[in-house]
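Let's take a walk through a protein structure together, one piece at a time. Keep the picture open while you read, and turn it around whenever a new part comes up.

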Amino acid sequence: MNVNIMKIVVCYLLLSFSLAVTADDSKELAQLLETYKTIQGEFEQSIKDEKGIVVQETSSGKFVVKSPGFFHWDTLEPFPQLLVSNLDKIWLYDSDLEQVTIRPYSQEVDQSPALLLSGNVEKISAIYNIQKINTDVNAEGITGRFVLSPKATNNIFVRLELGFIDKDLSEMNLVDSLGQTTRFILKNTRLNEPVDDSIFDFTIPDGIDVLIDE
């Protein structure tokens with residue numbers, strides 16, 4: 001599985017933390033995410049190394065996510081790539097390579113940023129410690145941030161950060177175990193609009209190589 005396309009979240013933490021993690025922090029984030037039955041929109045993704053040097057050209061595309069974990073993440077530029085899950089299988093389709101990789105939906109997905117967009121608060125609380133950051137509105141209009149630290153030591157992400165403008169999720173950042181930071185800016189997001197569930201299944205085009213990753 002292409003790790004970069006699974007990095008749907010977080011960046012370096014440049015703000016002050018509150019003194020301690022509290023139950024209220026988890027409750028507040030839960031109240032925000034529990035309203036997210038569906039979320040769809042556009043994204044921009046950038047990746048920097050531990051020194052802040054850009055290591056991958058900015059990519060962009062569109063996404064649709066439905067609770068409790070269905071997702072359709074479509075990278076359009078600069079290289080097309082599609083990630084789809086129906087809670088049974090995950091398809092990663094690379095049209096340039098004429099190749100699709102299929103693997104079972106698994107606990108690994110539960111540790112990914114896709115889980116955060118799914119709004120499954122019970123699972124999120126089980127996997128992450130949650131802390132709200134005291135912050136003022138910044139240039140991007142962010143009005144609230146939450147930092148999530150994995151409870152397990154084998155999680156591929158060491159820190160996740162969610163930025164909200166009022167109640168709308170607008171920014172996701174992540175730091176992986178190598179110190180690499182991936183940032184997602186969400187644009188033109190729409191909450192709880194009807195979604196055709198067929199978008200969470202993938203029909204393999206003729207002539208495409210199929211790889212089974214178990």
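Which residues of β4 point one way, and which point the other way? Before we answer, keep in mind that this is a predicted model. Now find β4: Q81, L83 and S85 point to one side of the strand, L82 and V84 point to the other, and all of them are buried. That covers five of the five residues in the strand, residues 81-85, so β4 is largely enclosed by the rest of the structure.

Let's see what sits beside β4. One partner is β3, made of residues 70-77, and the two strands pair in the antiparallel sense over five bridges. If you'd like one of these pairings to look for, try W73, whose bridge partner in β4 is L83. The two strands form a hairpin, with three residues between them. P78 is in that loop between β3 and β4, and there is a detail worth zooming in on: the peptide bond from E77 to P78 is cis, with omega near -5°.

β4 has another partner, β5, which covers residues 89-94; here the pairing is antiparallel too, over four bridges. L83 turns up again, this time with L92 as its bridge partner in β5. These two strands also form a hairpin with three residues between them. L87 is in the loop between β4 and β5. L87 has a positive phi of about 75°, although it is not a glycine. Is L87 buried, exposed or partly exposed? Its relative accessibility is 32%, so L87 counts as partly exposed.

Time to zoom out. The protein chain has five helices and 12 strands. What order do the strands of the sheet come in? It is an open sheet of 12 strands with mixed pairing, and the order is β7-β8-β9-β10-β11-β1-β2-β3-β4-β5-β6-β12. At the edges stand β7 (128-133) and β12 (209-212); each has a single partner strand, so one side of each is left without a neighbour in the sheet. From one strand to the next, the twist averages 20°.

You can follow this order to visit a few more places. Take β8, residues 144-150, and β9, residues 157-165: they run antiparallel and are joined by five bridges. Across from G144 you'll find F164 in β9.

Next, hop over to β11, residues 181-191, where R183 lies. With 27% relative accessibility, R183 counts as partly exposed. Its side chain is joined to that of E171 by a polar contact of 3.1 Å. R183 also shows how the fold brings together parts of the chain: R183 and I47 are 136 residues apart in sequence, yet their C-alpha atoms are 6.4 Å apart in space. N188 is in β11 as well. Like L87, N188 is not a glycine, and it has a positive phi, here of about 50°. With a relative accessible area of 54%, N188 is exposed, since the cut-off for that word is over 50%.

Now for β6, residues 99-104, which holds T101. Is T101 buried or exposed? At 13% relative accessibility, T101 counts as buried. Which residues does it touch, if we leave aside its neighbours within four places in sequence? T101 is in contact with I90, W91, L92, L211 and D213.

What about the chain as a whole? Of its 214 residues, 47% are buried. Look at contacts between residues at least 6 apart in sequence, and 55% of them join residues at least 24 apart. The chain exposes about 10800 Å², with carbon and sulfur atoms supplying 50% of that.

Finally, how far can you trust what you see? The protein chain averages a pLDDT of 78, and 76% of the residues score at least 70. Among its elements, β12 has the highest mean pLDDT, 94, while helix α1 (residues 3-6) has the lowest, 43. Over residues 1-22, pLDDT stays under 50, although the model has 92 contacts beyond four places in sequence for this stretch. Where pLDDT is low, the predicted coordinates should not be read in detail.

Technical notes: Residues are numbered from 1 along each chain as its sequence is written. This is a predicted model: local features need pLDDT of at least 70, side-chain atom pairs count only at pLDDT 80 or more; totals for chains, interfaces and linings use all residues. Side-chain values use heavy atoms; hydrogens and water are left out. Buried means under 20% relative accessible area, exposed over 50%, partly exposed in between (1.4 Å probe, protein chains only). Two strands pair if DSSP finds at least two bridges between them. A polar contact is a pair of N or O atoms within 3.5 Å; within protein, one must be able to donate a hydrogen and the other to accept it, and residues adjacent in sequence count only if both atoms are side-chain atoms. Contact means heavy atoms within 4.5 Å. Accessible areas come from the Shrake-Rupley method with a 1.4 Å probe; for residues, only the protein chains shown count as cover. Axes are lines fitted to C-alpha atoms, for helices over the stretch in contact, and angles run from 0 to 180 degrees between N-to-C directions. pLDDT is the predictor's confidence in each residue, from 0 to 100.
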